[in-house]
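Biologist: I have not looked at this one before. Can you walk me through it?

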Amino acid sequence: GNLKVGEIKKIKGVPYSFPDSNVAGTLSNDGVGNLAWTPETVTAADITTLQDEIDAAVEMIPSISGLLPVSGSTPMTGNLLADQGVLISQTQQLKANDVAYTWAETIFAGAGLTNCWSMVQDDNWFYFAGAGLNSGYIFRVNKDDYSFIESTPCITVDGTLDPVYKMVITENQRFLFYAGQDSVGKIELVSFGQVARYEHNYGIGDTQIILVDDTKAYLMLTASQGLSLVFDQESFALTLTTSFAGSSTLRGGAIVGTDMYLLVSKTNSDVIKYDLTDTTLATTDTLTLTGNNTAYACVHDAGFLYVVHSLSPTKVSKVDLSTFTLTGTKTLTSQNTGRSISTDGTYLYITQYLSPVRITRLLISDFATFSTLTAGSGYNLSYNTLVYDGDLYTALYSTNSTFMKTSISGFASPTYHKYGATTSNLS
């Protein structure tokens, strides 16, 4: 039959006193064998304490958003290949203390975007692109505090990355057009991704120009004969292919109204003028800058085109656009190898391709008075300086993934910033 046991007094020789009946709760021992039921209750204070403990634990865990496993991923579809088998999403916004940010900070501080060829801006972002390590990507940094970065790849049809040498942003800030080594492409700025490309496969480096007006994008290539490719901005359809005058090296250009000006870099450099209302893009005039060689870049105001010549010493030419004549030349004594030029309306800022980099400020009103700012040791070479909100921003070519900020009012004591990080949180 069934074994019937009366009241249990001991278990393995240890005395216990059990409660008389079952009730809801937790069975507890007072330490001398008296067992009792304790009701289970959770107070608001208990919940608060637990939540505080969870929050504290979460704070200790770095975010891993933006990191993807290599397995099953394809780097050529918009992800930046990182070290240790990890990918960073092209649209990931990186923040301090994120794992992705930490990786980016380490890579950029060490060997990031080398050979920065191009820097442009819109209302909210600075954009950087170039060759060398991490070439084939366009990086953008928010203007507020430089704490967010994003990247997007520039991919050819076979899935390889194309180094980018020139960029331009449309007036409505919808698109960025880039000129790569073997292709020209279109980036949509809201989604920040490549939406179209055209491959010419000429293997052109920095000797090309990409410009935009209200409706078209113009790619001017220094090739065996000189080639012009014209694209509709909206559809990216190729609307014109034509040869331009001469086959000498192109270095810079500008669109002013309905005219386009191209710089031919040679002995006694030329400025070629095109009427953009002519659907054949025929040359309308050529101005020879006699005595001024190696034209490299230009900027304009309402009445004049200013051309920097990469010489020793550097020269700046002044072209009257109303008469299309050379009206002045300024030799910047002891300033060598000018590579870029920008303006705030009062001064011209000429970047000297030196180590450390040097910026020369030339007063427009008299086209004579100038002063010079030299960067700190180790901040070397540049092809780009932009003006924004009372400051100069200079993208450094060989100091990896770094730009220099200088106050226009003081024109001294620049600060240096890594893409996506301020100097205060770099170690």
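What follows is a chat about the make-up of the chain, its pockets, some of its strands and one residue.

Biologist: What kind of model is it?

Modeller: It is a predicted model.

Biologist: How many helices and strands are there in the chain?

Modeller: The chain has two helices and 35 strands.

Biologist: And what share of the residues is buried?

Modeller: Of the 427 residues in the chain, 49% are buried. As for contacts with a separation of 6 or more, 41% are between residues 24 or more positions apart.

Biologist: Pockets next. How much space lies in the largest pocket?

Modeller: About 1500 Å³. It is lined by 46 residues, and the closest to its centre are Val 120, Met 167, Val 168, Leu 211 and Gly 253.

Biologist: Which elements give two or more residues to that lining?

Modeller: Strands 8 (116-121), 12 (164-169), 16 (208-212), 20 (249-256), 24 (295-300), 28 (338-343) and 32 (382-388). Strand 20 gives the most, with six residues.

Biologist: How does the lining of the largest pocket split by class?

Modeller: There are 22 nonpolar, 14 polar and 10 charged residues in that lining.

Biologist: What is the volume of the second largest pocket?

Modeller: The second largest pocket has about 150 Å³. Its lining residues are Lys 216, Tyr 218, Val 230, Thr 239, Leu 240, Leu 276, Thr 277, Asp 278, Thr 279 and Leu 281. Strand 17 (216-221) and strand 19 (238-243) are the elements that give two or more residues to this lining.

Biologist: And by class?

Modeller: The lining of the second largest pocket divides into five nonpolar, three polar and two charged residues.

Biologist: Back to strand 8. What is the order of the strands in its sheet?

Modeller: Strand 8 belongs to an open sheet of four strands in the order 8-9-10-11, with antiparallel pairing.

Biologist: Which strands stand at the edges, and why does that matter for their sides?

Modeller: Strand 8 and strand 11 (149-153) do. Each has a single partner strand, so one side of each has no neighbour in the sheet. On average, neighbouring strands of this sheet are turned by 20° against each other, direction ignored.

Biologist: How many bridges join strand 8 to strand 9?

Modeller: Five bridges join strand 8 to strand 9 (residues 125-130), and the two run antiparallel. Val 120 has Tyr 127 in strand 9 as its bridge partner. Val 120 is also among the residues closest to the centre of the largest pocket.

Biologist: Now the later strands. How is strand 33 joined to strand 34?

Modeller: Strand 33 (residues 391-396) and strand 34 (residues 402-407) run antiparallel, joined by five bridges. One bridge pairs Leu 392 with Thr 406 in strand 34. Their hairpin has five residues between the strands, and Ser 401 takes a positive phi near 50° there.

Biologist: What about strand 34 and strand 35?

Modeller: Strand 34 pairs with strand 35 (residues 415-418) over four bridges, in the antiparallel sense. His 417 in strand 35 stands opposite Phe 403.

Biologist: Last one: where does Thr 329 lie?

Modeller: Thr 329 is in strand 27 (residues 325-332).

Biologist: Why is Thr 329 called partly exposed?

Modeller: Because its relative accessible area is 36%, and partly exposed covers what lies between under 20% for buried and over 50% for exposed.

Biologist: Which residues does Thr 329 touch?

Modeller: Leaving out residues up to four places away in sequence, Thr 329 touches Asn 292, Lys 315, Val 316, Ser 317 and Phe 367. Thr 329 and Ala 368 are 39 residues apart in sequence, and 9.3 Å apart in space from C-alpha to C-alpha.

Conventions:
Residues are numbered from 1 along each chain as its sequence is written. This is a predicted model: local features need pLDDT of at least 70, side-chain atom pairs count only at pLDDT 80 or more; totals for chains, interfaces and linings use all residues. Side-chain values use heavy atoms; hydrogens and water are left out. On a 1 Å grid over the protein atoms alone, a cavity is a set of points where a 1.4 Å probe fits but cannot get out, and a pocket is an open set with protein on both sides within 12 Å along at least five of seven lines; lining residues have an atom within 4 Å of a point. Grid points are joined across faces, edges and corners, and a volume is the space filled by probe spheres set on the points. Ala, Val, Leu, Ile, Met, Phe, Trp, Tyr, Cys and Pro count as nonpolar, Asp, Glu, Lys and Arg as charged, and the others, Gly among them, as polar. Two strands pair if DSSP finds at least two bridges between them. Axes are lines fitted to C-alpha atoms, for helices over the stretch in contact, and angles run from 0 to 180 degrees between N-to-C directions. Buried means under 20% relative accessible area, exposed over 50%, partly exposed in between (1.4 Å probe, protein chains only). Contact means heavy atoms within 4.5 Å.
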